[in-house]
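Student: I would like to go through this model with you, one topic at a time. May I begin with the backbone and then move inward?
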Amino acid sequence: MSRRKTTKISSSYPREARQHYGEIKLYAGTACPELSLKIADYLNLPLCGRDVIDFPNENLFVRLHSSVRGQDCYVIQTTSTPVHRNLMELLIMLQTLRLDSAARVTAVVPYLSYARSDKKDQPRVPISARLVADMIEVAGADRYITLDLHAGQIQGFFSIPGDVLTTFYILINYIESLVPKLYKPVVVTADLGFAKKGRNFAVRIDAPMAFIEKRRVANDAKAEALTMIGDVTNRDVIIVDDELDTGGSMSQAISLCKEMGARDIYVVFVHPVLSREAPSRLAALPVTQIITTDTIPIPPQKREVLGDRLKILSVAPLLAEVVLRANEGRSVGEMFNE
């Protein structure tokens, strides 16, 4: 996607429609400052001034530097660790803009927390993803923009319209650049739940697929890789998944691929949660390259552990283009020929 130098709209698009919600006002939370700056830079717009203050009692306070009355406002805030602080900051910023009479408020959430808690799969448990969706709406959001939800049904938890985007095109473009140097590549999904999305990668690069069957153990995020469905023997492997948390499932997937005779292994995932010792665990594995995005900022110390094998692809152009199209009232699907 080419870099956009200006936010000037072509004369073919009605100016009165563009101004229906006022001018774009970008606000950044404290969770992903680098990504926020990239989005603002792509749009050739400044990030609007705001104060986010932590009081000694751990309460948060937000104050805008200027009025947003009648404007089209976007709050960029990922909800990675510290999850509860970042989530609460997002909610407070949304309410602040709503109370200042913004014409429209959009929550831009590259990574939505609690997305794995999307159903009652045990007795006496919550559906936390629904709760988060309700809070975002009640706080004042008119719309939301997010990336690669863990489960598609989470869209139904929102009563407000939104754009649930995919990083598939960003990731596959990079993977396609690797294909010429790969030997008999095969796409492997770390679990059966990602099989449908994994097939999209395989079709795009004209490669076969393999699947790893696993069983989730209790509620402690541990999983046991059980068996390989498909053939990876003497092939370069591309393991794809939606996120990497503690790295347990991915470690087992990599080990299983090696046991089955795989050659070089490339790990591809959207959201780099990288909890606890995940970077060290991943760095110790026989992986040729680790490919992810910047939906969650990776701290310098974790980047250092992963070293030169880490490749981070930015979602900023994608999010910025959707913000622009939302402001103009243009189709997002056109970006993907849909």
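Student: In which loop is the place of Ser 101?
Tutor: This is a predicted model. In it, Ser 101 sits in the loop between H3 and S5. Although Ser 101 is not a glycine, its phi is positive, at about 65°.

Student: Is Ser 101 exposed or partly exposed?
Tutor: Ser 101 counts as partly exposed, because its relative accessibility is 30% and the partly exposed class lies between 20% and 50%.

Student: What is the phi of Glu 58, and where does this residue lie?
Tutor: Glu 58, which is not a glycine, has a positive phi of about 70°. Its place is in the loop between strand S2 (50–54) and S3. With a relative accessibility of 72%, Glu 58 counts as exposed.

Student: Why point out such residues at all?
Tutor: Most residues other than glycine have a negative phi, and most peptide bonds are trans.

Student: On peptide bonds, then: which residues does a cis bond join?
Tutor: Thr 81 and Pro 82 are joined by a cis peptide bond, with omega at about -5°. Pro 82 belongs to the loop between S4 and H3.

Student: Moving inward, how many residues has the largest nonpolar core?
Tutor: The largest nonpolar core has 35 residues, and those with the most contacts inside it are Leu 94, Leu 97, Leu 112, Ile 136, Ile 154 and Phe 158. At least two residues of this core come from each of strand S3 (60–64), strand S4 (72–76), helix H3 (83–99), strand S5 (104–109) and helix H4 (128–139). H3 gives the most, with seven residues.

Student: What is Leu 97 in contact with, leaving aside its neighbours within four places in sequence?
Tutor: On that basis, Leu 97 is in contact with Tyr 27, Leu 64, Val 68, Cys 73, Val 75, Ala 102 and Val 105. Another core, of 28 residues, lies apart from the largest one; Ile 254, Ala 278, Leu 285 and Leu 310 are among its members.

Student: And cavities: how many of 30 Å³ or more does the structure hold?
Tutor: There are two of 30 Å³ or more. The largest contains about 40 Å³ of space, and its lining comprises Tyr 111, Leu 112, Ala 115, Leu 147, Asp 148, Leu 149, His 150, Glu 243 and His 271. By class, that lining has five nonpolar, two polar and two charged residues.

Student: What lines the second largest cavity?
Tutor: Val 109, Leu 112, Ile 136, Tyr 144, Thr 146 and Phe 158 line the second largest cavity. Its lining has five nonpolar residues, one polar residue and no charged residues. Leu 112, Ile 136 and Phe 158 are also among the residues with the most contacts inside the largest nonpolar core.

Student: Changing topic, how many aromatic pairs are there?
Tutor: The count comes to five. In one pair, Phe 55 and Phe 61 have ring centres 6.0 Å apart and planes at 50°, so the pair is tilted. Phe 55 is partly exposed at 39% relative accessibility, and Phe 61 is partly exposed at 37%.

Student: How do Phe 168 and Phe 201 pair?
Tutor: Phe 168 and Phe 201 form an edge-to-face pair, 4.9 Å centre to centre with 75° between the planes. Phe 168 lies in helix H5 (residues 168–178) and Phe 201 in helix H6 (residues 195–204), 33 residues apart.

Student: Are those two rings' residues buried or exposed?
Tutor: Phe 168 is buried, with a relative accessible area of 14%, and Phe 201 is buried, with 6%. Ring pairs link Phe 168, Tyr 169, Phe 201 and Phe 336 into a cluster.

Methods:
Residues numbered from 1 in each chain as written. Predicted model: local features only at pLDDT ≥ 70, side-chain atom pairs only at ≥ 80, totals over all residues. Heavy atoms only, no water. 1 Å grid on protein atoms, 1.4 Å probe; cavity = no way out; pocket = protein on both sides within 12 Å on 5 of 7 lines; lining within 4 Å. Points joined across faces, edges and corners; volume = space filled by probe spheres on them. Nonpolar A, V, L, I, M, F, W, Y, C, P; charged D, E, K, R; others polar. Core = buried A, V, L, I, M, F, W, Y, C linked by side-chain atoms within 4.5 Å. Buried < 20%, exposed > 50% of the residue type's maximum accessible area, 1.4 Å probe, protein only. Helix = DSSP H or I, 4+ residues; strand = E, 2+ residues; numbered from the N terminus. Contact = heavy atoms within 4.5 Å. Phe/Tyr/Trp six-rings, centres within 6.5 Å; stacked < 30°, edge-to-face > 60°.
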